[in-house]
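The exercises below concern a predicted model, and each task is followed by a solution that goes step by step. Please look at the sequence and the structure before reading on.

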Amino acid sequence: MDWTKQIVRYVVVMLLQVLLFDQLQLMGICHPYIYVLCLLMMPITLPRISDMLIGAVIGLMMDIFCNSLGVHMTACILLMYVRPYLLSVLVNESDRLNEQLSLRTLGMEALVKYVVILVLLHHLAIFLLAAWSWHHLGFVVAETIVSSIVTIVVILGYNILKYR
Amino acid sequence: MQNLLKILLRYSNFLVFVLLEVAAFMLIVYNHAAPRSSVLSTANSVAAWQYETVSNVTGYFHLRQQNDQLARENAALRNQLAAAEGAEILSYQSAKVVQMTTNRLHNYLTINCGAEDGIQLGQGVRNEDGVVGIVRTVGSHYSVVMPIINTQNNLSCRFRKNDYIGTLQWDGKDNRFALLTDVAAHMVVNVGDTIVTSGLSPVFPEGIPVGIVENSVLYEGDSYYTIRVRLSTNFKRLKYVEVIHNADQNQIEALTDGLD
């Protein structure tokens, strides 16, 4: 795995997240967390325990910017735990995913399923934990759907532009 | 023993997953009890510095409005000075808002004053229009404030016309409105009634504007009104705030804490 590339991508994505995507105002229900791009597109060369630790650290960094200690961390650990299971279901021979996880190695259909399922899971976890009660359930579901659509479009767009 | 080790090794991924999730979940619970970790929040200097830099740049685009607001604020301060003869226990510390959210259920704002400027946990925050919120986290140079547009916040208020007391809560929907509860059905509520702070807690002195009644409904069979209040403070335009130092706050809180 090329660490420099991963870190540069993380810094750029976090800047976009904090300076652009956190400032969106759309009836208070659009909070896309595009930083999951870094977690989703990370190659699967590392042991799964390190994957989860990286998820925990990246989630914690986001929590510091959102004043939501633990919320993003919980969702990112969950995401990194589920990721290899989902990939083994979606792709038959997962050997070729070691070098790169992208449109080229996954194919369009598997990539879309992979991104949609994990982004929905991640965003739902975040908004449920952030609301911290069942009173706002309808609001949370609407928030999850609207925000996920934006995040999914950004991640798929990134892949199409980069690996077409 | 060997079998146990085998099982542990076999499920090591799952065990690490559970351990990490439990740790993260404990952080959430701890943060909900009282968000006061100044390192792991926007009271942290690095995160706050980044927001402050951005707000310095974008600040140029609002200079005209800022000037108007500062002029009004100066006038309000002079009035306060004139009226302050009898209220020497109160003093105000001006602070700039460096980061704020208005579109979540749990909104927070970060101000550029911290422990070294004399900010303490639990102090009230206002601007010249009305109530803003309460200090929840104090770092050395920055603090995080929980505004009244945070669903966790409850504010004790009263009607200016007859001193009737109610509780202000935010429903998470619109940052211009909040709900006033606990107002019994025998009260006469009119649209346009002014709501001010009650002064029942040492956090806010009595009479700071909170908002005006936008509409009130008494549902059949209900013994309390549902009142929608248009907030005096425009949170979308918030740039400068004042932190309220009440010299007696610690003393009063120590007394009431002793009652439990």
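**Exercise 1.** Which residue is the bridge partner of B:Val217 in β11(B)?

Solution. The model is predicted, local features need pLDDT of at least 70, side-chain atom pairs count only at pLDDT 80 or more, and totals for chains, interfaces and linings use all residues. Residues are numbered from 1 along each chain as its sequence is written, while chains are lettered from A and ligands numbered from 1 in the order in which they are written. Strands are DSSP runs of E with at least two residues, helices are runs of H or I with at least four, and both are numbered from the N terminus. Two strands pair if DSSP finds at least two bridges between them. Strand β10 (residues 209-217) of chain B and strand β11 (residues 226-231) of chain B run antiparallel and are joined by 6 bridges. Within β11(B), the residue sought is B:Thr226.

**Exercise 2.** Place β10(B) in its sheet by finding the order of the strands in the closed barrel.

Solution. Begin with β9(B), which is joined to β10(B) by 3 bridges in an antiparallel arrangement; here B:Val196 has B:Pro209 in β10(B) as its bridge partner. Next, strand β6 (residues 154-159) of chain B is joined to strand β9 (residues 194-197) of chain B by 3 bridges, again running antiparallel, and B:Phe159 stands opposite B:Ile195 of β9(B). The complete order of this closed barrel of 6 strands is β6-β7-β8-β11-β10-β9 (chain B), with antiparallel pairing. On average, and with direction ignored, neighbouring strands of this sheet are turned by 40° against each other.

**Exercise 3.** Trace the barrel of chain B that contains β1, and identify residues that face each other across its strand pairs.

Solution. Take first the pairing of strand β1 (residues 90-100) of chain B with strand β12 (residues 240-246) of chain B, which is antiparallel and extends over 7 bridges; B:Ser94 stands opposite B:Glu242 in β12(B). Then turn to strand β2 (residues 109-111) of chain B, which pairs with β1(B) in the antiparallel sense over 3 bridges, with B:Gln99 opposite B:Thr110. The 6 strands close in the order β1-β2-β5-β4-β3-β12 (chain B), with antiparallel pairing, and from one strand to the next the twist averages 45°.

**Exercise 4.** Describe the make-up of chain A and the crossing of α6(A) with α7(A).

Solution. Chain A has 7 helices and 0 strands. Of its 164 residues, 39% count as buried, a term that requires 20 or more other C-beta atoms within 10 Å of the residue's own, these atoms being placed from the backbone. Contacts, for which C-beta atoms placed from the backbone must lie within 7 Å, can be sorted by sequence separation: in chain A, residues 24 or more positions apart account for 67% of the contacts with a separation of 6 or more.

For the helix pair, the axes of α6 (residues 108-131) and α7 (residues 137-163) of chain A come within 8 Å and cross at roughly 140°, where axes are lines fitted to C-alpha atoms over the stretch in contact and angles run from 0 to 180 degrees between N-to-C directions. The residues that meet include A:Val115, A:Val119 and A:Phe127 in α6(A), and A:Ser147, A:Thr151 and A:Ile155 in α7(A). By class, this contact has 14 nonpolar, 6 polar and 1 charged residues; Ala, Val, Leu, Ile, Met, Phe, Trp, Tyr, Cys and Pro count as nonpolar, Asp, Glu, Lys and Arg as charged, and the others, Gly among them, as polar.

**Exercise 5.** Which element gives the most to the side of chain B that touches chain A, and how does α3(A) pack against α2(B)?

Solution. Between the chains, 25 residues of chain B are in contact with 25 residues of chain A. On the chain B side, α2(B) gives the most, with 11 residues, and the residues of that side divide into 14 nonpolar, 10 polar and 1 charged.

Helix α3 (residues 48-66) of chain A packs against α2(B) at an angle of about 15°, with the axes 9 Å apart. The two helices are therefore roughly parallel, a class reserved for angles under 35 degrees. The contact is made by A:Arg48, A:Ile49, A:Met52 and A:Ala56 of α3(A) together with B:Asn13, B:Val16, B:Phe17, B:Leu20 and B:Ala24 of α2(B), and its residues divide into 7 nonpolar, 1 polar and 1 charged.

Conventions: Contact = placed C-beta atoms within 7 Å. Buried ≥ 20, exposed ≤ 12 C-beta atoms within 10 Å, placed from the backbone. Parallel < 35°, antiparallel > 145°, perpendicular 65-115°, else oblique.
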